[in-house]
Amino acid sequence: MRRFFTLVKKEFHIYVNSFILYAVTTIFLLLSGYFFFTAVIRFDTFLIVEGISVEEGLFRQFFLDMVHIICLTIPLLTMRLFAEEKKTGTIELLLTYPVKDMEIILAKYITCLILFTGMLLMTAVYPVVISKIWKLNVKVILSGYLGLFLVGSSFISIGLLISSFTKDQITAAMVTFGICLFFLSIAFNAGWAGYTGQKILVHLSFLEHADKFGKGVIDTASVFHCLIFTICFILFTRESLRSRYWRGLR
């Protein structure tokens, strides 16, 4: 465990001393603030007169907007994980340390997840402020944030895998963004796939799962979907590193 925490500390040190973390956090907060303000104006102007609850009329839309913001910012956060190590050549030194590949992978993943969680917690000021104006159902808000956390954790695992394939951070970010966007929009035209195909595509869509959480529904199927998705991509990353054995690069 000491070796693992040493790796996590190393990753934190790299992030804290890089411009990327502060740029991504700024973009994340600016976009979330803008979309939250837009949701408040829309709710106060049009929906409150229709008797729609603040959770349904304001936060459900805000959580869906946040999923897209996460889709945009997570690739920027994860693009350097392995790509930078490969570009600078430090990946060779790192992989010769007396640590397991999975320890390296999990250290990078956990570091990103903690940083993302910190960014997400900064937006908790929004429901706190709204609770001073309108009465909130705390369970629905917590459910929505749980959904965002699970979606973010899944997207981080995608970025981890893609970063292990390339030395170029921009390429890693673009490919990760494309895959994340694909899994968000995969159910948009699900009707053409027939009944069974539609059910499969809807189940694969992170947007659909996030919407359930945003409505206050903690569906175990949605939770397991995100967890299994994350575990699979972490295991794929391990195989990506192990491919170095096959190519004789280690």
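**Salt bridges, rings and a nonpolar core in an all-helix model**

K212 and D219 form a salt bridge, with their closest N and O atoms 3.1 Å apart; the term stands for a side-chain nitrogen of Lys or Arg within 4 Å of a carboxyl oxygen of Asp or Glu. K212 is partly exposed at 30% relative accessibility, and D219 is partly exposed at 22%. (Buried means under 20% relative accessible area, exposed over 50%, and partly exposed in between, with a 1.4 Å probe and protein chains only.) The model is predicted, so local features need pLDDT of at least 70 and side-chain atom pairs count only at pLDDT 80 or more, while totals for chains, interfaces and linings use all residues. Residues are numbered from 1 along each chain as its sequence is written, and side-chain values use heavy atoms, leaving out hydrogens and water.

The chain holds 12 helices and zero strands; helices (H or I, at least four residues) and strands (E, at least two) are DSSP runs numbered from the N terminus. Of its 250 residues, 48% count as buried. Contacts, meaning heavy atoms within 4.5 Å, also reach along the sequence: among those with a separation of 6 or more, 76% join residues 24 or more positions apart.

By the salt-bridge rule, the count comes to eight. One of them joins E11 to R80, with the closest N and O atoms 3.4 Å apart. This pair links distant parts of the chain, since E11 belongs to helix α1 (residues 2–16) and R80 to the loop between α3 (54–78) and α4 (83–88), 69 residues apart. Both E11 and R80 are buried. A further salt bridge pairs R238 with E239 at 3.7 Å between the closest N and O atoms. R238 is partly exposed at 25%, as is E239 at 29%. Through shared partners, salt bridges join K10, E11, R80, E84 and K108 into one network.

Two members of this network also meet aromatic rings. R80 lies over the face of Y15, 4.7 Å from the ring centre, and the charged end of K108 sits over the ring of F82, 5.1 Å from its centre. Here a charge sits over a ring if NZ of Lys or CZ of Arg is within 6 Å of the ring centre and within 35 degrees of the ring normal.

What about the nonpolar side chains? In soluble globular proteins, nonpolar side chains tend to be buried together. The largest nonpolar core (buried Ala, Val, Leu, Ile, Met, Phe, Trp, Tyr and Cys residues joined through side-chain atoms within 4.5 Å) has 67 residues, of which L58, F59, I130 and F155 touch the most other members. Helix α3 gives the most to this core, with 13 residues. Beyond its neighbours within four places in sequence, F59 is in contact with F36, V54, Y126, P127, I130, L136 and I141.

The structure holds 18 aromatic pairs. Rings of Phe, Tyr and Trp (its six-membered ring) pair if their centres lie within 6.5 Å; planes under 30 degrees apart count as stacked, over 60 as edge-to-face and the rest as tilted. The rings of F59 and F62 are edge-to-face because their planes stand at 85 degrees, with centres 6.3 Å apart. These two residues are three apart in helix α3, so about one helical turn separates them. F59 is buried at 0%, and F62 is buried at 0%. Elsewhere, ring pairs link F155, F182, F183, F206, F229, F233 and F236 into a cluster.
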